[in-house]
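Colleague: I would like a close look at a single part of this model. Please take one buried residue and its surroundings, and then go through the unusual backbone spots.

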Amino acid sequence: MFPLDAWVRDETLIYNKTLSKCDSLELLAEAPRAIIVCEDTGFLDDQMYAIASVTNLAGAIFVSKDPSRVDLESTSCPGVLISTMEFAAVIDYINSSDDPTAGIKFQQTVTGKEVAPSVADYTSRGPSPNCPAVLKPDVMAPGSFVLASWIPNDYTATVGTNMLLSSQGFNLISGTSMACPHASGVAALLKGTHPEWSHAAIRSAMMTTANELDSSMMPIKDVGRNFTAASPLAMGAGHMVPNKAMDPGLVYDAAPQDYVSLLCSMNFTRNQIMTITRSNDYNCANSSLDLNYPSFVAFYDKNVTTGAMLKHRFRRVVTNVGGGAATYKVKVAPPEGVKVAVWPQSLVFGKKYEQRDYYVEIVYPSDGNGLVSYGSIVWIEESGKHIVRSPIVVSPTSAGK
């Protein structure tokens, strides 16, 4: 057992084809005391169990090309995880040294080195199978390696299969269940700052002020898609920025009847709608899939003839929640190969809470390969104080998870 504030000091570093599969307890038990380099076999958890089950090894360097394992949350033995590219450098070091050594430090926090944020492999992805007309997800929030309180009588880690460890009431967890409290907390703070705002206005403020760039000012990367640029189907409008959300300039509001109109357009029965609304006091006269949402999604059937041109029109209403009179001009970044028209191209508000509507028309081709393309519509206040951004997505009806 190694205390968390200790480290594996310099030990001999070994790698050979016999031992470095790290899958045989019998062979590993005969290994000398050292830090062993374990090859990428695709069975990382089994390798960690094997290393933890023998007492002669000081630790291990594990290798994986699986992008979902890049954020290794914990190990059951002293160890680090490296990529296949880094593995090659380690092997070069071992082969070029007469006495290769390595050490493993624990509980080290390094700031300003990693590019963040990125979309985690485990994140929930769109489009929504139940209501694809509304772009999901909305935003992304911190969810990886979140240190939070934990019930004290439950274990948080294991060594092998029979040793359970507690962590004094705290645990390091990753998942959408960690991101949701962050987003919910921001929403609660916004409601406290603006008690007059509806739930839709709060969500709009969080979405239109979200950041689509990482700390290097490049598009946020998607770990689950081999570190390519993340699409709104993975990150929504981007990573939420709470302070900006307090003063978004414009919001896309929606009343209960707007949601009822959406439900009415989804072919639900009267009883199904009542299950959601808990009331029969609603009107389906103006059913519409075009909810007043701060994002746009246009779908195509990839089985339709490739290149067939499709058209989708949206109407949006924005409410001025800034300080007073303001003028906004639109800037469009269309998805690749897509034509986007917005009219009018400027919105003039005479006072706070005044509303203006605008229209968007997207003309796009179907794509037999199921290509997802994306862009944005941005309303920029003439003074430069407010920038209100909405993502645009053109996607097949099923973009894959």
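Modeller: What follows starts with one glutamate, moves to the backbone, and ends with one serine. The model is a predicted one.

Glu361 sits in strand S19, which covers residues 355-365. Its relative accessibility is 14%, and because buried means under 20%, Glu361 counts as buried. Which residues is Glu361 in contact with, leaving aside its neighbours within four places in sequence? They are Lys311, His312, Arg313, Lys339, Val340, Ala341 and Trp343. With one of these, Arg313, the side chain of Glu361 makes a polar contact of 2.8 Å. Leu347 is 14 residues away from Glu361 along the chain, and the C-alpha atoms of the two are separated by 17 Å.

Trp343, one of the contacts of Glu361, leads to the backbone. The peptide bond that joins Trp343 and Pro344 is cis, with omega at about -10 degrees. Pro344 belongs to the loop that runs between strand S17 (339-343) and strand S18 (346-349). Another cis peptide bond is found between Ala116 and Pro117, where omega is about -5 degrees. Pro117 also lies in a loop, between strand S5 (101-105) and strand S6 (118-119). These bonds deserve a remark because most peptide bonds are trans.

The next point is the sign of phi. Most residues other than glycine have a negative phi. Tyr353, in the loop between S18 and S19, has a positive phi, near 70 degrees. At 45% relative accessibility, Tyr353 counts as partly exposed. Phe227 has a positive phi too, near 65 degrees. Phe227 is placed in the loop between strand S11 (221-222) and strand S12 (228-229). The relative accessibility of Phe227 is 38%, so this residue counts as partly exposed.

The last residue is Ser20, in the loop between strand S1 (7-14) and helix H1 (25-28). Is Ser20 buried or exposed? Ser20 is buried, because its relative accessible area is 0%. Its side chain reaches the backbone oxygen of Val37 at 2.7 Å. Apart from neighbours within four places in sequence, Ser20 is in contact with Tyr15, Ile36, Val37, Cys38, Glu39 and Gln47.

To put the two buried residues side by side: Glu361 lies in a strand, whereas Ser20 lies in a loop. The side chain of Glu361 pairs with the side chain of Arg313, while that of Ser20 reaches a backbone oxygen.

Key
Residues numbered from 1 in each chain as written. Predicted model: local features only at pLDDT ≥ 70, side-chain atom pairs only at ≥ 80, totals over all residues. Heavy atoms only, no water. Helix = DSSP H or I, 4+ residues; strand = E, 2+ residues; numbered from the N terminus. Buried < 20%, exposed > 50% of the residue type's maximum accessible area, 1.4 Å probe, protein only. Contact = heavy atoms within 4.5 Å. Polar contact = N/O pair within 3.5 Å; in protein donor to acceptor, adjacent residues only side chain to side chain.
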